[in-house]
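Opening a fresh page in the notebook. I wanted to go from the overall picture down to a few single residues and jot down what I looked up.

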Amino acid sequence: MDSTNSNLRAGLAAGLLANGIWGLFPLYWHLLGGAASTEILAHRIVWCLVSLAAALALTGRLGACARAVRALASDRRLALTLFAATVFASANWLINIVGANTDRVVELGIGMFITPLATVGLGMAFFHEQLSRTRVAAVALAAAGVLIMIFELGRFPWIAIGVSASWAVYGALKKTVRMDPWYSITVEHAMMAPFALAWLAWLAASGEGVFLAPGRAALSLELMGTGLLTLIPMVSFSIAAQKLPLILLGIIQYLNPVMTLLLGLFWFGEPISRGEVIPLLFIWSGIALYLVPSAVTALREKARE
């Protein structure tokens, strides 16, 4: 019993740490506002790869990771899947950075609320996953919220749609990957690193980059910090996923969009319009409809023990 409670506490702490850091990311991206969004993204890719390599070396798994990478040469389908996953993950990161640095944090938060239900929708469409009528209705409510948002705003809310769609597709692609998660994440960063390094080299040669530029020491350190800042919640989330029941893990993940939305409203002082409030109510209704039956079932099973 003590071991179970200890695992639960450790998983809960790790889950809260991961989603808390992700929820506060807009503050860090805003801090890096002196750099272009594409330069921030390139540094995040490069320094995250450095952090991953260091973590694998410290845990004695660098050699095994290298062997897994070499094995990709004989598995073109897996290599292409990982490359596609890398593209969508990078797109998601870029949208997050742009959203934070163009005063669209509220829209970013709304998009994050859509993400879990968008993932469920892709599971239904491409993996033939079966859902109850209640959960189908939950996905339909979220979809209705998106359509209302497009109609009410009079423009395509590309930040909200982009951040949810890119991460949902990334998750769907990773579902098909049969490789140790740490190795696959390292491969993804390694695939994109040459493009990131080439872009950083071009910025440095053209004088448009801010990294190591005169008077930019603090900003340069902050750009390097993107790697560690990315790795810590990844590690924490992996621990949480191993130690927590899925229903609890799913509920904790909503801490991220809640914090992002609140940051947009109260820290960055962004207004929220009717075109965002009404869709948000539909999306929240869908989330509640999706989560409540699972929570009730879990409580009933707990009561029988």
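Below are my entries, from the whole chain down to single residues.

**Confidence.** I started here, as this is a predicted model. The mean pLDDT of the protein is 86, and 94% of its residues reach 70 or more. I then looked for the extremes: helix α10 (residues 246-252) has the lowest confidence, with a mean of 71, while helix α2 (residues 37-58) has the highest, at 94.

**Fold.** I counted twelve helices and zero strands. Read from the N terminus, the order of elements is therefore α-α-α-α-α-α-α-α-α-α-α-α, given how helices and strands are assigned.

**Dimensions.** Is the radius of gyration what a compact globule would have? What I found is 20 Å for the protein, which agrees with the value near 19 Å for a compact globule of 305 residues. I also took the spans of the C-alpha trace along its principal axes, which are about 60 × 45 × 40 Å.

**Packing and surface.** Of the 305 residues, 43% are buried. I checked contacts between residues at least 6 apart in sequence, and 85% of them join residues at least 24 apart. The accessible surface comes to about 15,600 Å², and carbon and sulfur atoms own 68% of that. For charges, I have 20 positive and 15 negative, with mean positions 9 Å apart.

**His 43.** This one sits in helix α2. Buried or exposed? I have His 43 as buried, because its relative accessible area is 3% and the cut-off is under 20%. Beyond its neighbours within four places in sequence, His 43 contacts Cys 48, Leu 200, Phe 211, Leu 223 and Thr 226.

**Leu 56.** Helix α2 also holds Leu 56. At 2% relative accessibility, Leu 56 counts as buried too. Which residues does Leu 56 touch, not counting those up to four places away in sequence? My list reads Arg 61, Leu 62, Cys 65, Trp 182, Tyr 183 and Thr 186. I also took one distance: the C-alpha atoms of Leu 56 and Ala 240 are separated by 19 Å, and the two residues are 184 apart along the chain.

**Helix α11.** Last stop was α11 (residues 255-267), where I listed the buried residues: Asn 256, Pro 257, Met 259, Thr 260, Leu 261, Leu 263 and Gly 264. A reminder to myself: an α-helix has 3.6 residues a turn, so residues three or four places apart point the same way. After α11 comes Gly 269, with a positive phi near 65°.

Conventions
Residues numbered from 1 in each chain as written. Predicted model: local features only at pLDDT ≥ 70, side-chain atom pairs only at ≥ 80, totals over all residues. Heavy atoms only, no water. Helix = DSSP H or I, 4+ residues; strand = E, 2+ residues; numbered from the N terminus. Rg over C-alpha atoms; globule rule 2.2 N^0.38 Å. Buried < 20%, exposed > 50% of the residue type's maximum accessible area, 1.4 Å probe, protein only. Contact = heavy atoms within 4.5 Å. Areas by Shrake-Rupley, 256 points an atom, 1.4 Å probe, with all protein chains shown as cover. Lys, Arg positive; Asp, Glu negative; His and termini not counted. Charge placed at Lys NZ, Arg CZ, Asp CG, Glu CD. pLDDT = per-residue confidence, 0-100.
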